[in-house]
Amino acid sequence: MDLLAFATSLITLGLIYGLLAVGLNVQFGFAGVLNFGYVAFFAVGAFTSALATLPPPGSPAYVEAGAQYALGLDLPWLAGFALAGLAGGLLALVIGLTSVRLRTHYLAVASFAMAEVVRYALSNETWLTRGEFGISGIPQPGHGTYVPTELYAYAYLVGCVAIVGGLVWAVRQASELPFGRLLRAIRDDELAARTLGKRTARTKLQALMIGGALGGLAGSLWTHSLGVVHVGQFVPIVTFQIWLAMLLGGTGNHLGVLIGAFLLIVIREGTRFLDAVPGLSAVAESNPSFVPSLRFVLIGLLLMVVVRFFPHGVRPDRPRTAPAFTGDLPAVAAAQAAQDAVEGPILSVRAVTKRFGGLAAVDGASLDVARGRITGLIGPNGAGKSTLLDLVSGVQRPDAGTVYLNRRPIAALPPEATAQAGLARTFQNPRLFGHLTVWENLMVAGADARSESLATTWLRVAGRRALEHEIAGRAEAVLAFLALSGLRDEPAAHLSGGQRKLLDLGRQMIRRPSLMLLDEPAAGVNRTLANRIFEHIGELNRQGTSFLIVEHEMDLVMRWCDRVIVMHQGGVLAQGTPAEVQRDPAVIEAYLGGGRAA
Ligand code: ADP
Ligand code: MG
C-alpha cells in the first residue's frame, strides 16, 4: 500500500473515531454518565445504515454483490446515515429510561452489559445480520457514479471532514452554550442543580441521546467506508479504545478529544507494521502472537506516559472566561408580584414527620414563616433543622404531614418543582459546581429552561443572545452586590469557606425566589463576613424576599430576625420575637441540657 493511500485511510479512521470520542465526551465529559458500552451505538448505527442502503434481496445488484441477507431497503445513503443516528439516539433513550435511577457505578456495569446484549443479539439474529459472516457489498455513496474508483478514498475523506466537522461544530455549540453549562453543572452536583429548579433527568437524557446519535452516525461513516459489516468488529475493546482517545485528548474538550482519537489511530494502525521491523520479523515468524501482544504493550505504555505527563489529556479542559458585560445592571432582587397576590404566611409546615430508622429527625413539627420577614430557626445540634429544610425543599419527602408554599401543597414535590414554585435553599455545606467558575455558577442558576433548550441552542440564534445577555446582567449585579466581581473567572472549587457561602447565596439570589431557606449562612466564616452576609440578607429582605434562616450565633439572630422558631428533638419548642424566645425557660433548659447553642 502506498503511503498516500495509507495516510488517507488513517485520517478517515481518525475522523470516525474522533466522532465516537466526541459522542462519548458528551455523555461522560459533559453529562458525567459512565458509559462502558459505547461500542453498542457504533454497532447499531453501522448495521442500520448497511441494511437501509443495501439493495433488496434477489435484485440484480444483490446477486452481483454476491451478498446474502434478508433485508435491504435500497434507500439513499443520506437516509441510511440519518437512520443510523436515529437508531443510536433511540438506543440511548432506552438505556437512559431504564437506568436513570441507577447511580454512576451501576450504570457503568449496566451499560457494559447492554453492549454485550446488543452484540449477542446482532450475532444471533443471523437472518438479519448474517452473524459472524457479516454483510458485504454495502453501497458506497457515489462510488463509480460521481467519483471514480481510484479517487474514491480521497473523496470519502473529504466527505468525512465536512460531516464530522459540521457535527463537532454543532456539538461544540451545544456544549458551550447554556445547555452544556447546565450539563457540566449536573456532572458536578446533580442535587444542587435540582434545587436550582433544573430538570436534570431530562437534560441528562438529551445528552445521552446526542452521544448515542453521534455513535450511530460514526457507525454509518465507518461501514460505508469499508463496504462490509460484521459483529466481530464491535467487541468491548473498542469501547475502551474510545475511552482512551477521550482521555488522551482531554475529557470535556471536544477538539482535544479529536486529537486524542488521531493519536490513538496513529499508534494502533502504525504498530500493525511492527513485524516489518528488522529484528522483530524473525521473532514474529516463530511466534505469531508476538506482534499483536507488543501492540497492546505499546498502547498501554502510551496510556501510562499520558497519565504521567498529561493527566488531563494533551488538550485539557480549561475554565471558561466570562465575556465582558456592557449594559445597565438590573435590580438584584425583583419584587415578587405573585407573592403579594396571596395573603397569610408564605410557608406553612403542618405536623411534618421524618424518621431515619428508629429516630424521628423531625417529629410532628408545625410552623409558619411570615411573608416579607426574616425568620430565624434555632435549636441544639441534631434538633432536626437541616432535615426540616430538606422536607420543605423537596430534597426528602416527609413520612407524614404537609407543607404549603403560598397555600399550595408542596410536600410531595421534587426539589426542582419546589424551586420553580419560588423556593430557594442553601445547604449547610455549600454545594457549588466546583469545576465551573463563579460566573458560570451564577449563570447556570439564572438561566431558565428556555435558554437551556436544544431548540434555542441550535435554532434561535438571536433569541439566544438576548436571553444570555439578560442573565449575564443579573449575574453581574449579583457579583457586584456580593463583592465577588474579582473572582468571576475562578473555579468555585478554589474559593475559601466564606466565599463559598457568598456564592451559594448569590446562586439562589439570581433566581429571584420569593422565599429563601438558608442553612447556617454565616457558619465557619469570620465575623466581618458574617455581618456582611446578614447585611445582604437584610437588603434582599427590604426588596421583598422572605427568609427562613438556620443560625448559630444568637447575636446575629437577635439583630436580624423578626421572629424566631426554636426546634428541639424534631419538634417546635417555642416561637416568638427574639427577646421572648431568649427569656423562655423551656428554651434555656433545652440549650443547657442539649449542649451548645446551635
Ligand atoms: P440539625 O440540622 O438541627 O443539627 P439534622 O436535621 O441535621 O439536625 O439532624 C437531625 C437528626 O437526624 C440527627 O440526629 C441526625 O443524626 C439525624 N439524621 C439527619 N439526616 C439523616 C440521614 N440521612 N440518615 C440518618 N439520620 C439522619
Ligand atoms: Mg444542620
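## Shell around ligand 1

Helices, as the term is used here, are DSSP runs of H or I with at least four residues, numbered from the N terminus. In this predicted model, helix α16 supplies the largest share of the shell around ligand 1, namely 3 residues.

The residues surrounding ligand 1 are F356, L359, A361, P380, N381, G382, A383, G384, K385, S386 and T387. By class, this shell is made up of 5 nonpolar, 5 polar and 1 charged residues.

## Polar contacts of ligand 1

Oxygen atoms of ligand 1 take part in several polar contacts. A polar backbone atom of G382 is found 2.8 Å from an oxygen atom of the ligand. The side chain of S386 places a polar atom 2.9 Å from a ligand oxygen, and the side chain of T387 has an N or O atom 2.6 Å from an oxygen atom of ligand 1.

On its own, ligand 1 has 560 Å² of accessible area, of which the protein covers 60%. Two or more residues of the shell come from each of the elements β2 (359–369) and α16.

## Magnesium site

The magnesium ion (ligand 2) has as its protein donors S386, through OG, and Q428, through OE1, at 2.1 to 2.3 Å. Because S386 belongs to helix α16 (residues 385–393) and Q428 to the loop between β6 (423–425) and α18 (438–446), the pair ties together parts that are 42 residues apart in sequence.

Both donors are partly exposed: S386 has a relative accessible area of 25%, and Q428 has a relative accessibility of 34%. S386 thus appears in both sites, as a magnesium donor and as a residue of the shell around ligand 1.

Conventions: Residues are numbered from 1 along each chain as its sequence is written. Chains are lettered from A and ligands numbered from 1 in the order in which they are written. This is a predicted model: local features need pLDDT of at least 70, side-chain atom pairs count only at pLDDT 80 or more; totals for chains, interfaces and linings use all residues. Side-chain values use heavy atoms; hydrogens and water are left out. Donors are N, O and S atoms within 2.8 Å of the metal (3.2 Å for Na, K and Ca); water is not among the atoms, so sites may look incomplete. Buried means under 20% relative accessible area, exposed over 50%, partly exposed in between (1.4 Å probe, protein chains only). A residue is near a molecule or strand if one of its heavy atoms lies within 4 Å of it. A polar contact is a pair of N or O atoms within 3.5 Å; within protein, one must be able to donate a hydrogen and the other to accept it, and residues adjacent in sequence count only if both atoms are side-chain atoms. Accessible areas come from the Shrake-Rupley method with a 1.4 Å probe; for residues, only the protein chains shown count as cover. Ala, Val, Leu, Ile, Met, Phe, Trp, Tyr, Cys and Pro count as nonpolar, Asp, Glu, Lys and Arg as charged, and the others, Gly among them, as polar.
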